[in-house]
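User: I should like to learn how to read a predicted model, feature by feature. Where should one begin?

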Amino acid sequence: MGLENRRAPRVAVNLTATMMAGFETDIPVVIIDISLTGAKIKADEVAVGTRVSIEHRGSWVQGRVMWSEIDRFGIRFDTPLRIGLLYDHAIRSAAAARAAPPPPPVVAEAPRLARTGFGRRAA
């Protein structure tokens, strides 16, 4: 799925955007994670290798589809984000993820043995 080629850490976001792919324009999509070098997009399947442009509130990024599934795909940006609203989201989300305390460890409760009435008196 292209994960082995990923160099920049991605952070979860939920950004509505529009996409241009081929001759199709204004396709509604949702950016579900982003880094400085790529993003995961929730939308109908797009063929691997397709060139796309994504627009979010006036901030544009262009790239190529690197992997695709039925309802999402990943793109690698032509150039890393350096300015704009998408850059701000990637940086702000990454900083928030680093600052967030780690979740508490999950401790499994030991299974309780059923009382059979044998031995000591069952209460």
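Analyst: Let us begin with a definition: two strands pair if DSSP finds at least two bridges between them. The structure shown is a predicted model. In the hairpin of β1 and β2, two residues lie between the strands, and Gly22 takes a positive phi near 65°. These two strands pair in the antiparallel sense over eight bridges. One bridge partner can be named: Met19 is matched with Ile27 in β2.

User: How far may the coordinates be trusted, and in which element is confidence lowest?

Analyst: Where pLDDT is low, the predicted coordinates should not be read in detail. Here the protein chain averages a pLDDT of 79, and 71% of the residues score at least 70. Confidence is lowest in α1, at a mean of 68, and highest in β6, at 94.

User: Which secondary structure elements does the protein chain contain, and in what order do they run?

Analyst: The protein chain comes to one helix and six strands. From the N terminus on, the order is β-β-β-β-β-β-α.

User: How do the strands come together, and which pairing sense do they show?

Analyst: One follows the pairing from strand to strand. In this model the path β1-β2-β3-β6-β5-β4 forms a closed barrel of six strands with antiparallel pairing. From one strand to the next, the twist averages 45°. Within the barrel, β2 and β3 are joined by a hairpin through three residues and pair over four bridges in the antiparallel sense. Val30 has Lys42 in β3 as its bridge partner. Six bridges join the antiparallel strands β4 and β5, where His56 stands opposite Ser59 of β5.

User: What share of the contacts with a separation of 6 or more comes from residues 24 or more positions apart?

Analyst: In the protein chain, that share is 50%.

User: How should I read the interior, and how many residues does the largest nonpolar core have?

Analyst: In soluble globular proteins, nonpolar side chains tend to be buried together. In this chain of 123 residues, 31% count as buried. The largest nonpolar core has 24 residues, and those with the most contacts inside it are Met19, Ile31, Ile34 and Ile54. The elements giving two or more residues to this core are β1, β2, β3, β4, β5, β6 and α1. The most comes from β1, with six residues.

User: With which residues is Ile34 in contact, leaving aside its neighbours within four places in sequence?

Analyst: Ile34 is in contact with Pro9, Arg10, Val11, Val13, Ala39, Phe77, Leu81, Leu86 and Ala90.

User: Is Asp33 buried or exposed?

Analyst: The cut-off for buried is under 20% relative accessible area. Asp33 has 12% relative accessibility, and therefore counts as buried. This residue lies in strand β2. Not counting residues up to four places away in sequence, Asp33 touches Arg10, Val11, Ala12, Val13, Ala39 and Lys40.

User: Why does Glu55 count as buried, and what does Glu55 contact?

Analyst: Glu55 counts as buried because its relative accessibility is 18%. The place of Glu55 is in strand β4. Leaving aside neighbours within four places in sequence, its contacts are Ala17, Thr18 and Trp60. Glu55 and Ala17 are 38 residues apart in sequence, and 5.5 Å apart in space from C-alpha to C-alpha. In addition, a polar atom of the Glu55 side chain lies 3.2 Å from the backbone nitrogen of Arg57.

Methods: Residues numbered from 1 in each chain as written. Predicted model: local features only at pLDDT ≥ 70, side-chain atom pairs only at ≥ 80, totals over all residues. Heavy atoms only, no water. Core = buried A, V, L, I, M, F, W, Y, C linked by side-chain atoms within 4.5 Å. Buried < 20%, exposed > 50% of the residue type's maximum accessible area, 1.4 Å probe, protein only. Contact = heavy atoms within 4.5 Å. Polar contact = N/O pair within 3.5 Å; in protein donor to acceptor, adjacent residues only side chain to side chain. pLDDT = per-residue confidence, 0-100. Axes fitted to C-alpha atoms, helices over the stretch in contact; angles between N-to-C directions.
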